[in-house]
Amino acid sequence: MRAATYALAVCAEMVFRDLPIEERARRLHEAGFQVEIWDWTKHDLDALARTPAEFVSMTGYVSGSLTDEDGAAELLRTAEESLKAAEHLGCTRLNLHGTGLDGQGLPVVPVSGEPTGAMWMAAQRTLTRIAELGENAGVTFTLENLNTAIDHPGVPFAKAADTLALVAAVDRPGLRMNLDLYHAQIGEGNLIELVRRAHGAGLIGEIQVADVPGRCEPGTGEINYPAIARALADIGYEGTVAMEAWASGDGDSESNSEAALERFRGAFTL
């Protein structure tokens, strides 16, 4: 087994929630983690930029979708705006979904049933243009798999197999997969084999984690994250593993968030 070479990051939206977002970023940096955020339009970018935090992922669009002409045009327009915000923070990855999500994580343009062939072709064309934007700006867009059973019903291209297929079809360095193991456990399972397959194809941009059920930190549910950590070391994964999880316990106390960070660190320390 090889020593771990991946970096650890934490989504600042989900921990220390009683603190301003810039203070959360500072606390995470001081604890030794890279930092991720969601919708950049809701934050003071100047205040975030003044922190010492290393920002490694943020939402890469404001609105739009992959599956239709008007939605694609809006996605591309707001992706260009997101690139400017990412440059301000020095952020290296911009995250995408099959369609825009509302405040409850529900799709703005839901899909009934499986995406059609026309939707697949439209998504590939749109993502190719997105990849070109990323390459020209020196950043990577990532397409995240989601679960439709609990958190995001009606989102197209939600399964890990679908996002992996789209990223492979585009086959550009400006687009990679955000492999979210929480969503994949709910939707498909077989996580270690999924990680090996995606890594072997060279298509992982980052890996996100939370436990099932509850979407709290590793160690609170059914996923054997220490085994996944060993598998990542074995395959030589050198990217980021990011905790996108709520801190378990009663309320949003700082002590709960600190405990969640240590459980996350412990699960991925070999």
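In what order do the eight strands close into a barrel? In this predicted model, the order is β1-β2-β3-β4-β5-β6-β7-β8, and the pairing is parallel. From one strand to the next, the twist averages 25 degrees. Strands of a sheet pair through backbone hydrogen bonds, either parallel or antiparallel.

Two of the strand pairs can be followed residue by residue. Strands β4 and β5 are joined in the parallel sense over four bridges, and Asn-95 stands opposite Thr-142 in β5. Strand β5 is mostly covered, with four of its five residues buried. Strand β7, residues 204-209, pairs with strand β8, residues 240-243, in the parallel sense over three bridges. Here Ile-207 stands opposite Val-241 in β8.

Strand β8 also holds Ala-242, which is buried, with a relative accessible area of 0%. Leaving aside neighbours within four places in sequence, Ala-242 is in contact with Ala-9, Glu-36, Glu-206, Ile-207, Gln-208, Val-209 and Phe-264. Glu-206 is 36 residues away from Ala-242 along the chain, but their C-alpha atoms are separated by 7.6 Å.

Next come the helices. Helix α3, residues 69-89, lies across β3 (55-59), β4 (93-96) and β5 (140-144). The helix runs at about 155 degrees to β3. Helix α5 spans residues 160-170, and its buried residues are Ala-160, Asp-162, Thr-163, Leu-164, Leu-166, Val-167 and Val-170. These buried residues pack against two helices, α4 (117-137) and α7 (191-200), and two strands, β5 and β6 (175-180). Just after α5, Asp-171 takes a positive phi of about 55 degrees.

What lies in the nonpolar interior? In soluble globular proteins, nonpolar side chains tend to be buried together. The largest nonpolar core of this model has 76 residues, and Leu-179 and Phe-268 touch the most other members. Helix α3 supplies the largest share of this core, seven residues. Not counting residues up to four places away in sequence, Leu-179 touches Asn-145, Ala-160, Leu-194, Val-195, Ala-198, Ile-204, Glu-206, Ile-207 and Gln-208. Two of these residues also appeared above: Ala-160 is among the buried residues of α5, and Ile-207 stands opposite Val-241.

The aromatic residues come next. A pair of aromatic rings is described by the distance of the centres and the angle of the planes. The count comes to six aromatic pairs. Why is the pair of Tyr-6 and Phe-268 edge-to-face? The ring centres are 6.1 Å apart and the planes stand at 85 degrees, so Tyr-6 and Phe-268 form an edge-to-face pair; planes over 60 degrees apart count as such. The pair links distant parts of the chain, 262 residues apart: Tyr-6 is in the segment before β1 (7-11), and Phe-268 is in the segment after α9 (254-267). Tyr-6 counts as buried because its relative accessibility is 10%, and the cut-off for burial is under 20%. Phe-268 is likewise buried, with a relative accessible area of 3%.

A second edge-to-face pair is formed by Trp-38 and Trp-246, at 6.5 Å centre to centre and 85 degrees between the planes. Trp-38 lies in the loop between β2 (34-36) and α2 (45-49), and Trp-246 in the loop between β8 and α9, so this pair ties together parts that are 208 residues apart in sequence. Are these two residues buried or partly exposed? Trp-38 is partly exposed, with a relative accessible area of 31%, and Trp-246 counts as partly exposed at 28% relative accessibility.

Tyr-6 and Phe-268 also belong to one aromatic cluster, together with Phe-33, Tyr-225 and Phe-264. An aromatic ring can also face a charge: the charged end of Arg-27 sits over the ring of Phe-16, 4.6 Å from its centre.

The loop between β2 and α2, where Trp-38 lies, is also the place of His-43. His-43 counts as buried at 19% relative accessibility. Leaving aside neighbours within four places in sequence, His-43 is in contact with Glu-13, Ile-21, Ile-37 and Leu-48.

Notes: Residues numbered from 1 in each chain as written. Predicted model: local features only at pLDDT ≥ 70, side-chain atom pairs only at ≥ 80, totals over all residues. Heavy atoms only, no water. Pairing = 2+ DSSP bridges. Axes fitted to C-alpha atoms, helices over the stretch in contact; angles between N-to-C directions. Contact = heavy atoms within 4.5 Å. Core = buried A, V, L, I, M, F, W, Y, C linked by side-chain atoms within 4.5 Å. Buried < 20%, exposed > 50% of the residue type's maximum accessible area, 1.4 Å probe, protein only. Phe/Tyr/Trp six-rings, centres within 6.5 Å; stacked < 30°, edge-to-face > 60°. Lys NZ or Arg CZ within 6 Å of the ring centre and 35° of its normal.
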